[in-house]
Amino acid sequence: MYFNLLPEQYGPVCGPLEYAVAGCDPAQSVVVEIVDANTGLAAGAKRLRGETSYRIDAAGYATSLCNPLPAGAAGFSTCPGRSARIKLKVGETVSEERMFTCAACAAMPFKDLSCGPAERVLAAGEWDEIGFLAQPSTLSAHFRFSGPGGEWSCADGPFTPDEGCAALRVDMAALAGRMAAAGKAMGDYTTLEVEISDCGERIMSRSYRLYEHNPDGVRLVWLNGGGGMDAYTFCGTGKKGVDVKKNTAADAAGMTAVTGTESRRTAEILSDYESGGTLEWLEGAACSPRVWVVRGQDISPVIVTAAERIGDGPSRLRVVYRSAAAEKTQRGLW
């Protein structure tokens, strides 16, 4: 037996991830194991019979191995939950190892996984991510602040990743601490340029416009279509509510009774006035399977239930979300 079809390297974990094995005896059962290459453990198996060749879509098994989360610390870090590394095994025959990412399309090494605007806004205490698919390399990051206070810069690295998803967390709180230690103040600067280099050669960059922290702002972080994380601070509208789900049943007398309730907090937020391209980028939060609200160092999963543009030309995006976890569950009393 042998594999004569493998899916594309760095393809989307959502699939299809089609493998084909040939040279099988139709009179014998064939057991195909889908193996997590990181642990060597089986993620699943299929028993097949009656053909000389078989096709197997491994997308469901690969997806089960992923748990994409935002980077947890300032600077560079690896993000193993954003990809799956698998191989298929049939008896003594083992396929080549393949890596798949939590993207909607095939990823390319050392390419910014975000399709957001080239210049973004960032406030004191906030953080953003530059996500990428790494190869074995020696990376460094340079942060250059500019403004009425002149220029100030610092660096992170070296970072020597293996093959896999990685990110640079641009953490304003951590950078402010380093700046203060150098006798500088964040309020003296209005822009930030971030460059990522491999052995001194620039491979990625991003620009930020710095602004004062809005205490009423709501920062969303979401898994984007490239398999990285995007973030944006919306304005709170003050509109909040409770989404209540009630289960009902008929009692012995034929009356409808509530057998249980479940509630989740809801909130409405608005973007700033943005161009059409930026609004399209923000609408990705509504389509994303993973969204979080960031409050300081706390991060909570939420579910975006609606997104609507308001106005013509430069417009605002109205977003409605609810908490992912039920805050209160109560059983009926009958």
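In this predicted model, the backbone nitrogen of A174 lies 3.2 Å from a polar atom of the side chain of D171, and the backbone nitrogen of A173 also comes to 3.1 Å from a polar atom of that D171 side chain. D171 itself belongs to strand β14, which covers residues 164–171. Is D171 buried or exposed? With a relative accessible area of 8%, D171 counts as buried, because the limit for that class is under 20%. If the neighbours within four places in sequence are left aside, the residues in contact with D171 are A74, E126 and W127.

**The chain as a whole**

The protein chain contains 4 helices and 23 strands, and its C-alpha atoms fill a box of roughly 80 × 75 × 40 Å when this is taken along the principal axes. Of the 334 residues in the protein chain, 43% are buried. The protein chain exposes about 16800 Å², and carbon and sulfur atoms supply 49% of that area. When contacts between residues at least 6 apart in sequence are considered, 64% of them join residues that are at least 24 apart.

**Two open sheets**

One open sheet is formed by 3 strands in the order β1-β2-β5, and their pairing is antiparallel. The edge strands of this sheet are β1 (2–5) and β5 (53–57), each of which pairs on one side only, and the twist from one strand to the next averages 30 degrees. Strand β2, residues 18–22, pairs with β1 in the antiparallel sense over 3 bridges, and Y2 stands opposite A22 in β2.

Another open sheet has 5 strands in the order β10-β16-β15-β12-β13, and here the pairing is mixed. Which strands stand at the edges of this sheet? They are β10 (119–123) and β13 (150–159), and because each has a single partner strand, one side of each is left without a neighbour in the sheet. From one strand to the next, the twist in this sheet averages 25 degrees. Strand β12, residues 139–147, pairs with β13 in the antiparallel sense over 8 bridges, and A141 stands opposite D156 in β13. Helix α2, made of residues 172–181, packs on this sheet and touches β10, β12, β13, β15 (191–198) and β16 (201–211), while the direction of the helix makes about 115 degrees with that of β13.

**Salt bridges**

The structure holds 17 salt bridges, and the table below lists some of them.

| Basic residue | Acidic residue | N to O distance |
|---|---|---|
| R55 | E18 | 2.6 Å |
| R178 | D156 | 2.8 Å |
| R309 | E283 | 2.8 Å |

The salt bridge between the side chains of R55 and E18 links distant parts of the chain, with R55 in strand β5 and E18 in strand β2, 37 residues apart. R55 is exposed, because its relative accessible area of 57% is over the 50% limit, whereas E18, with a relative accessible area of 35%, is partly exposed.

The salt bridge between R178 and D156 involves two elements that have already been described as part of the packing of helix α2 on the sheet. Why does this pair tie together parts that are 22 residues apart in sequence? It does so because R178 lies in helix α2 and D156 in strand β13. R178 has a relative accessibility of 32% and therefore counts as partly exposed.

The salt bridge between R309 and E283 again links distant parts of the chain, for R309 is in strand β21 (residues 298–310) and E283 is in the loop between α3 (276–282) and α4 (284–287), 26 residues apart. Both partners are partly exposed, R309 at 38% relative accessibility and E283 with a relative accessible area of 24%. Salt bridges can also share partners, and in this way K239, E268, E308 and R318 are joined into one network.

How values were computed
Residues are numbered from 1 along each chain as its sequence is written. This is a predicted model: local features need pLDDT of at least 70, side-chain atom pairs count only at pLDDT 80 or more; totals for chains, interfaces and linings use all residues. Side-chain values use heavy atoms; hydrogens and water are left out. Buried means under 20% relative accessible area, exposed over 50%, partly exposed in between (1.4 Å probe, protein chains only). A polar contact is a pair of N or O atoms within 3.5 Å; within protein, one must be able to donate a hydrogen and the other to accept it, and residues adjacent in sequence count only if both atoms are side-chain atoms. Contact means heavy atoms within 4.5 Å. Two strands pair if DSSP finds at least two bridges between them. Axes are lines fitted to C-alpha atoms, for helices over the stretch in contact, and angles run from 0 to 180 degrees between N-to-C directions. A salt bridge is a side-chain nitrogen of Lys or Arg within 4 Å of a carboxyl oxygen of Asp or Glu. Accessible areas come from the Shrake-Rupley method with a 1.4 Å probe; for residues, only the protein chains shown count as cover.
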